[in-house]
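Below is a short briefing on one chain, with the sequence and structure shown first.

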Amino acid sequence: MPADGQLMVCETGIEEAVTEGFEPAKTLQMQVERNGAGQFREGQSGNPTGRLPGTRNRATMIAEQLFDGASGELSREAIAKALNGDSAVLRLIVRSIIGPRRHRAASFDLPPLHNAADVAPAIAAIAAAAAEGAISTAEASEMSQVVERYLRALEAGEIEARLQRLESVNGVAP
């Protein structure tokens, strides 16, 4: 019996036999090559024989089959509970029928933007529409961001045009 912390060495040569002709028992145990840092090479999966894209989970398919047969009863019971005042079930039913509220299309017409001079009137129109309640403040903020990005794009184009003119006047090749 070995003392604590000591390992018993077996002299049968099993270690040598295992390392010489070792092949994985299954192809699933074979791994893809890795780079020097131990990371998988670009474009290669760590599990090349893994689940195919779009494959559905078995437990999900079984649950769906169970509910398919009882969906009529479940929906009738849920509606009955909602009608009897169960607010949690009522909320669940309304959410599934109506769905979560998404951004709605704004009925506000943004003035046309052709140049930097059109930016100030557009921001003024957005502020006026928000003040009147025609659009929400969140919609006004989003529209203002659109106008601001338009102005940035105009400025970037103007800077590029000026730079090209300077380069052509000074004979600098772009």
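The notes below cover model confidence, the nonpolar core and one helix.

This is a predicted model, in which local features need pLDDT of at least 70, side-chain atom pairs count only at pLDDT 80 or more, and totals for chains, interfaces and linings use all residues. Residues are numbered from 1 along each chain as its sequence is written, and side-chain values use heavy atoms, without hydrogens or water.

**Confidence**
- The chain has a mean pLDDT (the predictor's confidence in each residue, from 0 to 100) of 76, and 72% of its residues reach 70 or more.
- Helix α1 (residues 14–20) has the lowest confidence, at a mean of 45, while α4 has the highest, at 92; helices are DSSP runs of H or I, at least four residues, numbered from the N terminus.
- Over residues 4–20 pLDDT stays under 50, and the model has one contact (heavy atoms within 4.5 Å) beyond four places in sequence for them.

**Nonpolar core**
- The largest nonpolar core (buried Ala, Val, Leu, Ile, Met, Phe, Trp, Tyr and Cys residues joined through side-chain atoms within 4.5 Å) has 10 residues: F108, L113, V119, A122, I126, A129, I135, A140, M143 and V147.
- Two or more residues of this core come from each of α4 (119–132) and α5 (137–170), and α4 gives the most, with four.

**Helix α5**
- The 34 residues of α5 reach 49 Å from first C-alpha to last, close to the 50 Å expected at 1.5 Å a residue, taken as 1.5 Å times one less than the number of residues.
- E139, A140, M143 and V147 are the buried residues of α5 (under 20% relative accessible area, 1.4 Å probe, protein chains only), and they pack against α4.
- G171 follows α5 and has a positive phi, near 75 degrees.

Notes: Buried < 20%, exposed > 50% of the residue type's maximum accessible area, 1.4 Å probe, protein only.
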